[in-house]
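Thanks for sharing this one. Here are a few friendly notes on the charged pairs, to read with the model open beside you.

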Amino acid sequence: MAKEKRIYFCTECGWESPRWGGQCGACGAWNTLAEMKVAKTSTAARAAVREVNPPVPLTEIRDDERSRCPIGNAEWDRTLGGGIVPGSLMLLGGAPGVGKSTLIMQVAAAVAKQYGAVLYATGEESEAQVGMRAKRLGLLEAACYVQATTSPTGIMNEARRLRARFLIIDSIQTMQAEDTDGLAGSVTQIKKCTELLLRFAKETGTAVIIIGHVTKEGVVAGPRMLEHMVDTVLYLEGEAGHPLRLLRATKNRFGDTSESGVFLMQANGLQPVSDLSRLLLAERSTDQIGTVVFAGLEGIRPMLAEVQALTNPTYYGNARRTAIGYDQNRLTVLLAVLEKKAGFALAQQDVYVNVAGGIRIDEPGMDLAVATAVISVYTETPVAATVAALGEVGLTGDVRRVQQVEKRLQELTQMGFRTVFLPAANLSGLEREKWPLRLIGIQHINEIASKLRGDL
């Protein structure tokens, strides 16, 4: 009879230890070591594990690119690198209510319609609830089967019987393997159930997607090694009260992680957005104080977003710094640079920055646009509606170059912009006569105020 031993592993990095400790010996995180029982395998079992396939020359490996399964949803297919790969294991995370179940129901219906049977296994809802959602979205497909259970073994048996092309687990935190101790949602159960699903996907060629809950920090709940085990990690993001949703691939073994999908939440589900810039700038007014357009990139596609700023004298001691859609710490640093290097007395000013449209931008190249909006409202200088800005600001106040500037300028040209503030370093490699834009190179952040007061 196989004996069991206990090990402890870090839920953040996966480091294993034979005994418990308060701090992980690899990543240094505190109170992250979780207990897991491991059955000792027999000599025959270990010998079977050692039996591996013979090595194959790299030149003789068959290209499976044509086996991808595009579903016809441009944004979903773009994010995955061209479509679903058979035998892949994918993880989809997102905040409650962001639209994970809606999106995956649309994907399930598209796969069932084009490629064959789909099994939707739910441990959180009843079959009737899933059916009501499908009916509301107009996605009733005979080849899409629903099973309400928390048993991964039963789910895999049904998937084999149906010869399912696509298996959905909603959610991994509700699954409970029969031969493993621990409650559903525990670290041990999540790891074991994911291992079973991974083996099933590789053996049968069925594409499996598991939906995961997220913590208050915005990461998938459970052991961090869960993200290392799967082939693709997707996050569906969106601000509360805004219909815009972004699907990002933080890991993709079959595609580029810089790709992303954009959707608009509507009554009939998540609809792909083909022209993101026009959507974000649709309600922008002309020539206002404290607003400027940023020419950025969402993945590898150009995107224009409106950056708004507001300053107001503080009356309660410490000034407030509030950022929506922009990194809070980066705003604090940028305001310190504006005060120290450009002479703007912002220490006694409450400063608020917002990216209109409910989108979040983490690109450092947005610094110059934020600085321009703050200077505009602080000096009460209006900015023309045809002015855009892009560039990273360093601690010295220097404006540093951004990547793929030509792609950004092309988007600005198509949207009718006339003037662009950009790093002076980017001007050296540009054919200025090629662009119907007035390109204004900025070397230091203290040049912005004079440029705004100039004839734009």
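**Notes on the salt bridges**

1. A good place to begin is the network of salt bridges that links Glu-75, Arg-78, Glu-259 and Arg-301. Please keep in mind that this is a predicted model. In total, the structure holds 17 salt bridges.

2. Within that network, do have a look at Glu-75 and Arg-301, whose closest N and O atoms are 2.5 Å apart. Glu-75 belongs to helix 2 (residues 74-80) and Arg-301 to strand 15 (residues 301-313), so this salt bridge ties together parts that are 226 residues apart in sequence. Are the two partners buried or exposed? Both Glu-75 and Arg-301 are buried.

3. Next comes the salt bridge between the side chains of Arg-278 and Asp-275, at 3.0 Å from N to O. Arg-278 has a relative accessible area of 48%, so this residue counts as partly exposed, below the 50% cut-off for exposed. Asp-275 is also partly exposed, its relative accessible area being 30%.

4. My last pair is Arg-360 with Asp-327, a salt bridge in which the closest N and O atoms are 3.9 Å apart. Here distant parts of the chain are linked, 33 residues apart: Arg-360 sits in the loop between strand 17 (349-355) and helix 10 (367-379), and Asp-327 in the loop between strand 16 (321-324) and helix 9 (328-342).

5. How accessible are the partners in this last pair? Arg-360 is partly exposed at a relative accessible area of 32%, and Asp-327 is partly exposed at 30% relative accessibility.

How values were computed
Residues are numbered from 1 along each chain as its sequence is written. This is a predicted model: local features need pLDDT of at least 70, side-chain atom pairs count only at pLDDT 80 or more; totals for chains, interfaces and linings use all residues. Side-chain values use heavy atoms; hydrogens and water are left out. A salt bridge is a side-chain nitrogen of Lys or Arg within 4 Å of a carboxyl oxygen of Asp or Glu. Helices (H or I, at least four residues) and strands (E, at least two) are DSSP runs, numbered from the N terminus. Buried means under 20% relative accessible area, exposed over 50%, partly exposed in between (1.4 Å probe, protein chains only).
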